[in-house]
Structure formats: structure tokens, C-alpha cells
Amino acid sequence: MGLNMLEMIDIEIDNAVAFQVSGKITESDMSLVLSSAKEKIERHGSIVFFEKIDSFNGVELAALIEEFKYLFDVGISNIDKVAMLTDKKWIEHIVNIEDKIFKNIDMKCFSLEEQSQAIEFLKSV
């Protein structure tokens with residue numbers, strides 16, 4: 001199970017940046033996600049994130065640097081909601097902390113089976 005993969009997925013929400021992760025997030029994975037985010041912000045003004053984490057073995061440092069540069073350039077004011085699907089309790093804890101830090105972004109965790117609820121959460125205004 002040493003396969004790292006980040007796959008963009010379509011959840012039929014125009015302004016959603018949606019992807020699923022297995023393994024470790026690399027710099028090129030992060031670039032893919034962030035360029036999708038940038039393009040959707042330009043087109044829709046604001047975006048929502050849908051992240052499904054099947055397995056997670058961390059993030060490469062280069063990927064984190066890429067993310068911070070992006071947040072610094074583009075900012076987080078364009079992100080309305082984040083839905084995180086995971087069965088990992090520690091990821092839920094991080095999301096709960098981030099939800100308190102980033103007050104303008106509505107962040108919520110769902111179990112892997114709750115994909116439809118997560119999509120409804122992102123659709124609701």
C-alpha cells in the first residue's frame with residue numbers, strides 16, 4: 001500500500017475543489033489542487049473544498065510550503081466551506097481547531113460513508 005495518490009474528483013458543484021487522498025501529499029499534488037482552486041476562484045469568486053482522505057501518510061514539506069505561498073498570495077477569504085471525509089480521529093481534531101482559527105470558513109468532518117451529507121453541507125448556503 002505504498003502508493004501515493006491524489007485524485008481530483010467531480011462532485012457536481014461548480015465552485016468545488018474536490019479530491020481524494022491516499023498516502024502522502026506531494027508538492028505536485030498540492031500544485032494541482034491549488035491551481036484548480038485559483039481557477040475556480042477566478043471563475044466563481046468563492047470556492048468550497050471537498051477532501052476525502054482514504055489513508056494519509058503526511059505531507060511533504062515542499063507541499064506545505066506551496067500551500068502557504070498560495071494562501072499568502074490568494075488568501076483564504078475566498079474559501080467558504082471545507083468538508084473533510086475521514087475515519088481518522090486526529091484529522092477530525094485538526095479540522096475542529098482550524099474551524100475555530102479560520103472563523104470565516106465553515107469546516108466540518110464527515111465519515112467516509114457520509115459523502116452525500118458532505119456534499120449537501122457544501123451546497124447549503
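This is a short talk on how the strands and helices of one structure are arranged, and on a few of its residues.

Good morning, everyone. Before I begin, please keep in mind that what you have in front of you is a predicted model.

Let me start with the sheet, and with a question that helps to get one's bearings: in what order do the 5 strands of the open sheet stand? The order is E1-E2-E3-E4-E5, and the pairing in this open sheet is mixed. At the edges stand E1 and E5, each of which pairs on one side only. If we ignore direction, neighbouring strands of this sheet are turned against each other by 15° on average.

Now let us walk through some of the pairs. E2 and E3 run parallel and are joined by 9 bridges, and within this pair Ala-18 has Phe-50 in E3 as its bridge partner. Moving on to the next pair, E3 and E4 are also paired in the parallel sense, over 6 bridges. Here we meet Phe-50 again, since its bridge partner in E4 is Ala-83, while Lys-52 stands opposite Leu-85 in E4. Finally, strand E4, residues 79-85, is joined to strand E5, residues 106-110, by 5 bridges, and these two run parallel; in this pair Val-82 has Met-107 in E5 as its bridge partner.

How, then, are the helices placed among these strands? Following the chain, E2, H1 and E3 make a right-handed β-α-β unit, and another right-handed β-α-β unit is made by E4, helix H3, which covers residues 89-101, and E5. H3 packs on the sheet, where it touches E3, E4 and E5, and the direction of H3 makes about 165° with that of E5.

I would like to spend a little longer on helix H1, which covers residues 27-44 and so has 18 residues. From its first C-alpha to its last, H1 reaches 25 Å, which is close to the 26 Å expected at 1.5 Å a residue. Which residues of H1 are buried? They are Asp-29, Met-30, Val-33, Leu-34, Ser-36, Ala-37, Lys-40 and Ile-41. When we look down the axis of H1, these buried residues fall within an arc of 155°, and therefore they line one face of the helix. On the other side of H1, by contrast, Ser-28, Glu-42 and Arg-43 are exposed. As for what the buried residues of H1 pack against, the partners are strand E1 (5-8), strand E2 (16-25), strand E3 (47-59) and helix H2 (61-74). Just after H1 comes Gly-45, which takes a positive phi of about 90°.

Let me turn next to the loop between E1 and E2, where I have picked out two residues, beginning with Glu-12, which is found in this loop. Is Glu-12 buried or exposed? Its relative accessibility is 69%, and because the cut-off for exposed is over 50%, Glu-12 counts as exposed. Its backbone also deserves a look: most residues other than glycine have a negative phi. Glu-12, however, has a phi near 60°, a positive value in a residue other than glycine.

Asn-15 has its place in the loop between E1 and E2 as well, but Asn-15 is buried, with a relative accessible area of 18%, and the cut-off for buried is under 20%. Leaving aside residues up to four places away in sequence, Asn-15 touches Lys-40, His-44, Ser-46, Ile-47 and Val-48. You may recall Lys-40 from the list of buried residues of H1.

Two further residues will complete the tour. The first of them is Phe-110, which lies in strand E5 and is buried, with a relative accessible area of 8%. Not counting residues up to four places away in sequence, Phe-110 touches Ala-83, Met-84, Leu-85, Thr-86, Gln-117, Ala-118 and Phe-121. Along the chain, Phe-110 and Ile-9 are 101 residues apart, and their C-alpha atoms are separated by 17 Å.

The other residue is Leu-64, which lies in helix H2 and, at 30% relative accessibility, counts as partly exposed. Leu-64 and Val-125 are 61 residues apart in sequence, and from C-alpha to C-alpha they are 30 Å apart in space.

Thank you for listening, and I am glad to take questions.

Conventions: Residues numbered from 1 in each chain as written. Predicted model: local features only at pLDDT ≥ 70, side-chain atom pairs only at ≥ 80, totals over all residues. Heavy atoms only, no water. Helix = DSSP H or I, 4+ residues; strand = E, 2+ residues; numbered from the N terminus. Expected span 1.5 Å × (residues − 1). Buried < 20%, exposed > 50% of the residue type's maximum accessible area, 1.4 Å probe, protein only. Arc of directions from axis to C-beta. Contact = heavy atoms within 4.5 Å. Pairing = 2+ DSSP bridges. Right-handed = clockwise from strand over helix to strand, strands pointing away. Axes fitted to C-alpha atoms, helices over the stretch in contact; angles between N-to-C directions.
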